[in-house]
Amino acid sequence: MAKIKTSDYTIAVSKDIASEINTFIETRRERFSRLFILVDENSLKCCYPQLVAEIPAFEDAEIIEIESGEENKNIEVCAQLWVTLDELGADRQALFVNLGGGVIGDMGGFVASTFKRGIAFINIPTTLLAQVDASVGGKVGIDLNHVKNLVGVFNNPKAVFVNPDFIATLDNRQLLSGFAEVIKHGLIADPGYWQKIKKTNTSSPESISKLIETSIRIKNKIVSEDPFEKSIRKALNFGHTVGHAIESHFLESGQPLLHGEAIAMGMVCEAWLSNKITGLPDESLREITTYISSLYPYHVIEKPAVEHITELMFHDKKNTNGKLNFSLLSEIGKCEINQTASTDLAREALNYYINTVR
Ligand SMILES: NC(=O)c1ccc[n+]([C@@H]2O[C@H](COP(=O)([O-])OP(=O)(O)OC[C@H]3O[C@@H](n4cnc5c(N)ncnc54)[C@H](O)[C@@H]3O)[C@@H](O)[C@H]2O)c1
């Protein structure tokens with residue numbers, strides 16, 4: 001069992017999170033009037049039964065179930081959740097438990113942060129992406145008008161409980177989506193970890209689960225130094241300027257990619273930009289391109305789409321003064337923030353993916 005301390009809460013990583021959750025609730029029992037557990041149909045089926053069998057307080061909790069999927073991370077579902085909490089008589093001493101992937105964590109955290117001006121919440125992330133990425137950083141929010149995470153706040157949970165075994169029921173596509181963020185952690189922060197990642201059997205959830213703690217520690221170290229993304233936290237955006245634009249393009253075209261699939265493509269493009277702008281060696285560019293393209297399917301990007309994706313990059317929240325802003329690698333394990341690139345170079349980076357990965 002590992003306990004990772006963030007600025008103001010602890011992330012317990014353990015195959016026995018039930019006893020950790022029991023301790024958390026027992027030591028604060030007088031503070032919580034009632035428990036509300038937010039789930040979707042998959043976390044309800046795959047993770048809830050194991051927990052309720054071992055956590056007495058979960059037996060009396062109200063279960064609130066929403067339909068799974070990014071399309072439900074919206075203001076209408078939030079409004080339903082606020083109404084449900086009110087109808088169920090939730091007061092300001094209620095504890096909100098987010099049991100699920102990143103959608104449950106982001107939206108549940110947002111609903112809890114705003115209901116009656118904020119009630120306490122804890123997260124039990126159940127996907128690889130939510131465990132290695134959303135478990136740290138305090139970003140909660142929802143999508144609006146098809147723009148991802150347009151509305152939200154920074155607000156930390158009271159605690160996070162990660163059971164690496166929960167990822168065993170994810171399908172391989174979901175697993176690889178979360179794995180893209182693991183790859184990113186190696187590339188931006190730790191060359192030794194990158195070597196370990198490359199040796200991991202990516203079709204085995206058990207092998208992947210051994211990386212979860214290190215990834216959380218890497219993200220936590222970066223976020224602790226810069227909680228509000230003024231400087232070093234921007235390193236976590238490696239692959240995301242191009243990746244988010246690719247994600248938006250495929251979403252609009254009716255063939256949505258999973259977040260990590262788009263980020264994997266974005267990392268190939270931004271590794272190329274790193275080679276041109278921050279001096280990432282040719283050999284490292286080849287290594288990154290070969291590894292990522294061995295794991296993720298090639299997605300065709302037609303010529304007109306290159307223009308559109310380049311335009312979409314300008315919508316990124318990270319840009320300032322109309323310039324494209326990137327976090328790029330100078331070597332594997334080292335990231336340089338606040339790098340700018342011209343539109344032409346961004347277009348060429350997409351062409352590198354198109355011509356090299358296929
Ligand atoms: N707050 C942050 O810092 C942060 C970081 C990364 C991503 N996110 C957000 O997270 C979301 C993506 O997260 P995600 O990939 O977890 O998506 P998700 O919550 O949609 O989960 C993916 C799928 O896995 C299912 N699922 C969940 N747990 C399962 C389990 N144990 N076994 C089988 N199926 C299971 C879900 O029902 C869903 O169908 C996005 O909205 C993204 O913006 C937030």
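This passage describes the ligand site, the salt bridges, the cysteines and a surface patch of a predicted model. Residues are numbered from 1 along each chain as its sequence is written, and side-chain values use heavy atoms, with hydrogens and water left out. Because the model is predicted, local features need pLDDT of at least 70 and side-chain atom pairs count only at pLDDT 80 or more, while totals for chains, interfaces and linings use all residues.

The ligand makes a good starting point. Around the ligand are 24 residues, of which Asp40, Glu70, Thr126, Thr127 and Thr169 come nearest (a residue is near a molecule if one of its heavy atoms lies within 4 Å of it). At least two residues of this shell come from each of α2 (41–46), α6 (102–114), α7 (128–134) and β8; helices (H or I, at least four residues) and strands (E, at least two) are DSSP runs, numbered from the N terminus. Three side chains meet oxygen atoms of the ligand through polar contacts, that is, pairs of N or O atoms within 3.5 Å. For Glu70, the distance from a side-chain N or O atom to a ligand oxygen is 2.5 Å. A polar side-chain atom of Lys73 is 2.8 Å from a ligand oxygen, and for the side chain of Lys148 the distance is 3.1 Å. On its own the ligand has 860 Å² of accessible area, and the protein covers 89% of this (Shrake-Rupley method, 1.4 Å probe; for residues, only the protein chains shown count as cover).

Turning to charged pairs, a salt bridge is taken as a side-chain nitrogen of Lys or Arg within 4 Å of a carboxyl oxygen of Asp or Glu. The count by this rule is 19. One of these joins Arg34 to Glu62, with 3.0 Å between the closest N and O atoms. Arg34 sits in the loop between α1 (17–27) and β3 (35–40) and Glu62 in strand β4 (residues 62–66), so this pair ties together parts 28 residues apart in sequence. Both partners are partly exposed, Arg34 at 31% relative accessibility and Glu62 at 27% (buried means under 20% relative accessible area, exposed over 50%, partly exposed in between, with a 1.4 Å probe and protein chains only).

Glu261 and Arg173 form another salt bridge, their closest N and O atoms being 2.7 Å apart. Since Glu261 belongs to helix α13 (residues 259–277) and Arg173 to helix α8 (residues 172–189), the pair ties together parts that are 88 residues apart in sequence. Here Glu261 is buried at 7%, whereas Arg173 is partly exposed at 43%. Salt bridges with shared partners also join Glu70, Lys73, Asp106, Asp143, Lys148 and Glu247 into one network.

As for the cysteines, a search of the whole structure finds zero disulfides (a disulfide being a pair of cysteine sulfur atoms within 2.5 Å). Cys47 has its nearest cysteine sulfur, that of Cys46, 5.6 Å away. Cys47 is buried at 2% relative accessibility, and Cys78 is buried at 0%.

On the surface, Ile75, Leu144, Val147 and Leu150 make a nonpolar patch of about 290 Å². Patches are made of residues with over 30% relative accessible area and no salt bridge; like charges are joined within 9 Å and nonpolar side chains (Val, Leu, Ile, Met, Phe, Trp, Tyr) within 5 Å. Leu150 belongs to strand β8 (residues 147–154) and is partly exposed at 46%.

Conventions: A polar contact is a pair of N or O atoms within 3.5 Å; within protein, one must be able to donate a hydrogen and the other to accept it, and residues adjacent in sequence count only if both atoms are side-chain atoms.
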